[in-house]
Amino acid sequence: MSTLAVGEKRVDFRVVAELVAPGSRVLDVGCGEGELLELLAIEKNVDGRGIELSQAGVNRSVARGLSVIQGDADRDLGAYPDDAFDYVILSQTLQATQRPRVVLEHLLRIGHRAVVSFPNFGHVRVRLGLLFRGRMPVSENMPYSWYDTPNIHYCTIGDFLDLCAELNARVEKAVALDAKGDRIAETAPNWYRNLFGAQAVFLLSR
Amino acid sequence: MKENSGGRTAPQEGNGVEQERRRRRQADTPDSPVLRFGADEPLRLQSGVLLAPWQIAYQTYGALNADRSNAVLVCHALTGDQHAANVHPVTGRPGWWESMIGPGKPIDTEKFFIICANVVGGCMGTTGPASTDPATGRAFGLDLPLITIPDMVRSQAMLLDRLGIETLFAVIGGSMGGMQVLAWGAMYPERVFAAIPIAASSRHSSQNIAFGEVGRQAIMADPDWCEGRYLECGTNPRKGLAVARMAAHITYMSDASLHRKFGRNLQDRDAVTFGFDADFQIESYLRHQGSSFVDRFDANSYLYVTRAMDYFDLAVDHGGVLARAFLGTRTRWCVVSFTTDWLFPTAESRAVVHALNAAAANVSFVEIESDRGHDAFLLDEPEFFATVRGFLAGAARARGIAGPAAEAA
């Protein structure tokens, strides 16, 4: 389900790994081939589980010794009990779900904390591209054309903050990364991050 | 424990009578190790009956490590037996899972101590309908009480107790073997570190029961069945058992695999004969499957073991909620299904996975793409082997023991 090219460690993985406490129980929703889970197992000694839509991703994850099931974030999160995990991670997957709000509610129910990362549709390049070229954006963070993208629910950092407020989710930490993958200072105002953040990583709790 | 404690001698090619004699001998005196339990150690059956004395026949491969933490129990399917990775003493053919078990293979005999026991109700040396009833001196026949999947599991637990093995590193099996794996995880969670149910289900569906019934009726309709007393009558319901096997065999394959293998090809002829001979290759193939099965299996055993599968419903034993069967489980689970398996379709495995999730269990679930139907778990499926290998390697790391190499050599 992950939308970014797999290969070298994605920059948002590093941010996620810093947000997760060592030795915790982690569920990675949309875990791809298990790169993040493996990173967390090695560096943070977590007890990790994964859900992945693509069968090839699941098989490769299990073959590398990870606990991963084939499943759909939209359909299968309901089977998990409340408070089953310390962290539920949704890495670059929110925008590909059918019902992002329901998925986010499940994340906050299943985990004590939720870690959500997504590409920011409010980034300056997206805005300028629409303004001047009048075309849907295709970039490193959004590599698909509009007609074949699995990403059906794009949002901006501002939109996401609104949804968090609606769900009474507490934003414990918000990290925005610019187009080069560098962190934008946490002291920067929201409008600035919404304009210059190419992607964002949120740590949420109920 | 020494390696391959079972007999490795291949039987000589004999005529049918000789093979039949050899097969019947297995019921009481198998060509494999056997443990006998006396009147003071009955097998407590789910029906409430105490079975005693009784015996269990098994094979082992590899060596038990010093702290007895590397034991892997392999559970066989309906018509399998304990000879998983050695030459079969009756047929002279290789073991039924030699592709999976062996040096350097996913269930690595150089890393694990592997145990495979014949199920209760079977006919290869564990107490079953063909075994001699000590009370009468003749075969049990239908006097043997009904056996269930949990009964099979309990007998295996008693075998492990006797072998001095407290916990299993892993329990693995396909089809009815997978049912036993699920029952192991529910009945003895503290004794199972990792569990791999393959092409299985937490219960037999109505369709599954229907196919079982066709097989049983075929056997019982054969006059040579003699109300189950064929061993004394000097007969053998060969035709009934063969038909049962033919019907069942269809359910083990997929439409696509049958079509690829046989299509509408004719058997050694250029045109149909306008008769009821085996004109088509598929007919000839099924007849062969039926008759060769009769040479190695007991008809009453077939009744008992199919019935055990029919009765299996893990949720019913836990107040109707499957997740309750797994509450508090610390076992690492790896559920495996195959895309074209219509006997135990992926949906059944997914239901097990949902129940394990609801119990907050550590679970992996892999659906393997294969066009070979239910039987795929016995065949050369590289992605399936990679899954089992990777899962066991990961579990072995977590258990702190040596596991298989992460990649096949």
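Here are some short exercises with worked solutions on a predicted two-chain model.

**Exercise 1. Work out which stretches of the model to leave out of a detailed reading.**

Start with the overall scores: ipTM is 0.78 and pTM is 0.89. Next, go chain by chain. Chain B has a mean pLDDT of 94, with 96% of its residues at 70 or more. Chain A averages 91, and 96% of its residues score at least 70. Now look for the weak spots. In chain B, pLDDT stays under 50 over residues 1–13, a stretch with 26 contacts beyond four places in sequence. In chain A, residues 1–8 stay under 50, and the model gives them 20 such contacts. Low pLDDT means that predicted coordinates should not be read in detail. Those two stretches, residues 1–13 of chain B and residues 1–8 of chain A, are the ones to set aside.

**Exercise 2. Check the radius of gyration of chain A against that of a compact globule.**

First, take stock of the chain: eight helices and seven strands. Its C-alpha atoms fill a box of roughly 50 × 35 × 30 Å along the principal axes. Then apply the globule rule: with 206 residues, a compact globule would have a radius of gyration near 17 Å, and chain A comes out at 16 Å, so the two agree. Two further numbers round this off. Of the 206 residues, 49% count as buried. Among contacts with a separation of 6 or more, 67% join residues 24 or more positions apart.

**Exercise 3. Describe how chain B is divided and where its domains touch.**

Step one is the division: domain 1 covers 16–206 + 313–399, and domain 2 covers 209–306. Step two is the spacing, with 25 Å between the two domain centres, taken over C-alpha atoms. Step three is the contact itself: 30 residues of domain 1 meet 22 residues of domain 2. On the domain 1 side, the largest share is three residues, from helix 1 (residues 16–26).

**Exercise 4. Locate the largest nonpolar core relative to the two domains of chain B.**

The core has 168 residues, and V72(B), V74(B), A170(B) and I196(B) have the most contacts inside it. Its largest share, eight residues, comes from helix 11 (residues 382–399) of chain B. Both domain 1 and domain 2 of chain B give residues to this core, so it lies between them. For a close-up, pick V72(B). Skipping neighbours within four places in sequence, V72(B) is in contact with I107(B), F112(B), F113(B), I114(B), L168(B), F169(B), A170(B) and I172(B).

**Exercise 5. Compare the end-to-end spans of helix 3 and helix 6 of chain B with the expected values, then say what each packs against.**

Begin with helix 3 (residues 176–187). At 1.5 Å a residue, its twelve residues should span 16 Å, and its end C-alpha atoms are 16 Å apart, so that agrees. This helix is mostly covered, with eleven of its twelve residues buried. Among them are M176(B), W184(B) and A186(B). As for partners, its buried residues pack against strand 5 (71–75), helix 2 (149–163), strand 9 (168–174), strand 10 (192–198), helix 9 and helix 10 of chain B.

Now do likewise for helix 6 (residues 238–252). Its 15 residues should span 21 Å at 1.5 Å a residue, and the end C-alpha atoms are 21 Å apart, so this agrees too. Its buried residues include L241(B), R245(B), M246(B) and Y252(B). They pack against helix 4 (206–221), helix 8 (281–294) and helix 9 (299–311) of chain B.

**Exercise 6. Find which elements of chain B touch chain A, then decide whether F384(B) is buried or exposed.**

The contact takes 21 residues from chain B and 17 from chain A. On the chain B side, strand 11 (332–338), helix 10 (346–358), strand 12 (362–368) and helix 11 each supply at least two residues. Helix 11 gives the largest share, eight residues.

F384(B) is found in helix 11. Count its neighbours: there are 25 C-beta neighbours inside 10 Å, and the cut-off is 20 or more, so F384(B) is buried. Leaving aside neighbours within four places in sequence, F384(B) is in contact with V336(B) and I368(B). For V366(B), 18 residues away along the chain, the C-alpha separation from F384(B) is 8.6 Å.

Conventions
Residues numbered from 1 in each chain as written. Chains lettered and ligands numbered in written order. Predicted model: local features only at pLDDT ≥ 70, side-chain atom pairs only at ≥ 80, totals over all residues. Helix = DSSP H or I, 4+ residues; strand = E, 2+ residues; numbered from the N terminus. Expected span 1.5 Å × (residues − 1). Contact = placed C-beta atoms within 7 Å. Core = buried A, V, L, I, M, F, W, Y, C linked by C-beta atoms within 7 Å. Domains from an automatic or database assignment. Rg over C-alpha atoms; globule rule 2.2 N^0.38 Å. pLDDT = per-residue confidence, 0-100.
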